[in-house]
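Let's take a walk through this fold together, strand by strand and then side chain by side chain. Keep the viewer open as you read.

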Amino acid sequence: MVSRRFVRSPRQKHPFSGPIEHLTRVLLFMLVSGTAIATAPLTPQDFGAVADGETDDTAAIQAAIDQAVSGNGRVLHFPPGTYGVTSVDIQAGLTLVGYGATIKKMPQEPKFSRTFTTQNRKHIGAHDSQPLIIKGFTFDGSRTEQGSYEDYRLEQQHMIFLQGDPAGAGRLTAIIEDCSFRDGVADAISVYTNVAATISNCRATDVFRGGVVVTGGHSEVHINNFTARGAVHATGIDVEVDGAGYQGSFETHITATNLRLDGDFDVGIHDGSTFHGSNIHSVAGPFNLYARDATIRMVNSTFGVGALSDSSNRIVHPHDVSFSHCTFIARPSGSTTPVAKIATAHVYWNISGTDERDQRLRFIDCDFLLHDPPTPESTHYAVYVEADQQSRNNQLLLQGGRIAAGYDYGLYLNQGGNATLRDVFLDADTGTHLGATADYPVHVLLDGLRYGENTTTTTHINAAIPDSRIEHQNIHLSARQNRLGTTYGLVGNTYVGGRTLSGPVPPGKTPGLQGDSYQLDTPEPGQPLRWICVTSDPTAATWVPVELLLPAK
């Protein structure tokens, strides 16, 4: 006998018939099969964020972040709007998505109020972390509402601050993409110790200290498609590693591709670090490199460089530095006061009593240009090298490329050192200036150089020093181009090889260096075919005929 409670009248509808029945069956199927049920994304609004540009949404955002971290998704979406923020803690494994959202700094925040920061939740471990992802945001530092900052009293108020714990070998992995930063009183993106960061498709405008700033060791940073500009603060990038990472390491490895910088290009690395840059355009300067026990490679890039000074626009300790297919542009400082000296490459092999040796600085197929016509108030140098002892074996190489008209000096060796110029086109007023003293001799090779019509002195040899060695190879000059300069005389240096000179008449009192050869443009029968310089002199060298052209029979 069948129980009546399971008997249904023919007129009675099924309790789950129609659309409700269909929905119920779908939900039951998803539950049984394990199919995920879509849920609304987690947002700060779920925790009370207003995003009206006035309200402080810090607590709501922090609560949403903590919920995202504790959940399985670890993704937090910011709907379009302007979120007032003081400082929120972020961490590895979290994804923050904010296309259309602006994170605006609340006014009058203190120095260490970092907008998005990992300082309180640093990754620590033997291995690199799961990625922290930040994408699509606009960060507004409310620069004009923070009080005085140009004296650096707010220099730690960064927009994004990344740090891993140096107690472990693992790095905090961070990905920042499609973000804009504006009106900051410190750094847009600050990278400290134990970080592996990838920064792509980002922009910084009027950020006081820098667009991307790297200050911590045991870090790797990859920057691609980054623009920094500003009418108030011409923003750039800064690498000044002074924070020790894992096991006290200051080592950093940085790649930078496709950068457009209105502000400074300032890279200071050491202790085995590397910097590889390509397609970087920093046209206004200042330009600073420091590479003690480090490697720098620059390709297809443009740098604007200003006043020669002892604190800026310098290349210091170039342990292993090369520029390939780069352009250097001498620019005025922007000051109404005339600048006495402008150098597009100002080299310090050593500084403050150091004794670095066997360093290498190379310019391969690089051009040295002027932004504006030269002014009589300024002396322009393409490459200016400070004093160096030749015995340290620090080597400068210029190979290929050109030094444009308008420079007063192409290569200027202030006092001593080693240099090679090969296949360079020189149109500076003085092609090379070779300064030397008894304690600072020079060893120089000039090979295959060509001179433009604006060069009035091919080489100025400051003094005759017995230990100085000046070698010429594959240099052909007309008598008109053959102009030498000296301050204290030419006799006494060691000259190797020689230049090949030619003219319409015999050399007579033609300037020459010992070992030079001279030949007539049109040899005549019975006249010498070639002369050799046996005594150096900037105006009237001694020439001896060595070959005769026999009369025609």
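Start with an open sheet of 5 strands, ordered β41-β44-β45-β46-β47, in which the pairing is mixed. Its edge strands, each pairing on one side only, are β41 (476–478) and β47. Ignoring direction, neighbouring strands here are turned by 30° against each other on average. For the bookkeeping: strands are DSSP runs of E with at least two residues, helices are runs of H or I with at least four residues, and both are numbered from the N terminus. Two strands count as paired if DSSP finds at least two bridges between them. The angles run from 0 to 180 degrees between N-to-C directions, with axes as lines fitted to C-alpha atoms, for helices over the stretch in contact.

Before going further, note that this is a predicted model, where local features need pLDDT of at least 70, side-chain atom pairs count only at pLDDT 80 or more, and totals for chains, interfaces and linings use all residues. Residues are numbered from 1 along each chain as its sequence is written, and side-chain values use heavy atoms, with hydrogens and water left out.

Back to the sheet. Strand β44 (residues 500–503) runs parallel to strand β45 (residues 517–520), and 4 bridges join them. T500 has S517 in β45 as its bridge partner. In general, strands of a sheet pair through backbone hydrogen bonds, either parallel or antiparallel.

Over at β47 (residues 542–548) you'll find V546. Together with V534 and V544, V546 makes a nonpolar surface patch of about 200 Å² accessible area. A patch takes residues with over 30% relative accessible area and no salt bridge, joining nonpolar side chains (Val, Leu, Ile, Met, Phe, Trp, Tyr) within 5 Å and like charges within 9 Å. The areas come from Shrake-Rupley with a 1.4 Å probe, and for residues only the protein chains shown count as cover. V546 counts as partly exposed because its relative accessibility is 42%; the scale is buried under 20%, exposed over 50%, and partly exposed in between (1.4 Å probe, protein chains only).

Now for β28 (360–364). Its side chains alternate: L361 and F363 point to one face and are buried, whereas R360, R362 and I364 point to the other and are not. Strand β25 (residues 320–324) runs parallel to β28, joined by 5 bridges, and S324 is matched with I364. β28 also pairs in the parallel sense with strand β31 (residues 395–399), again over 5 bridges, and there F363 stands opposite L398.

Just past β28, in the loop leading to β29 (367–370), sits D365. D365 is not a glycine, yet its phi is positive, near 55°. D271 does likewise, with a positive phi of about 55°, in the loop between β19 (265–270) and β20 (274–282). Most residues other than glycine have a negative phi. D365 is partly exposed at 35% relative accessibility, and D271 is partly exposed at 40%.

What about charges? The whole structure holds 16 salt bridges, each a side-chain nitrogen of Lys or Arg within 4 Å of a carboxyl oxygen of Asp or Glu. In one of them, D183 meets R143 at 3.1 Å, N to O. That pair links distant parts of the chain, 40 residues apart: D183 is in strand β12 (residues 180–184), and R143 in the loop between β9 (138–140) and β10 (160–162). D183 is partly exposed at 23%, while R143 is buried at 12%.

Another of the pairs is D447 with R422, at 3.2 Å, N to O. This one also spans distant parts of the chain, from D447 in strand β37 (residues 442–447) to R422 in strand β34 (residues 417–422), 25 residues apart. D447 is buried at 8%, and R422 is partly exposed at 26%. Elsewhere, shared partners join D355, R357, D388 and R392 into one salt-bridge network. Within it, the closest N and O atoms of D355 and R357 are 3.3 Å apart.

Finally, how many disulfides does the structure hold? There are 0, with a disulfide meaning a pair of cysteine sulfur atoms within 2.5 Å. C179 forms no bond because the closest cysteine sulfur, in C202, is 5.0 Å from its own, which is too far. C179 is buried at 0% relative accessible area.
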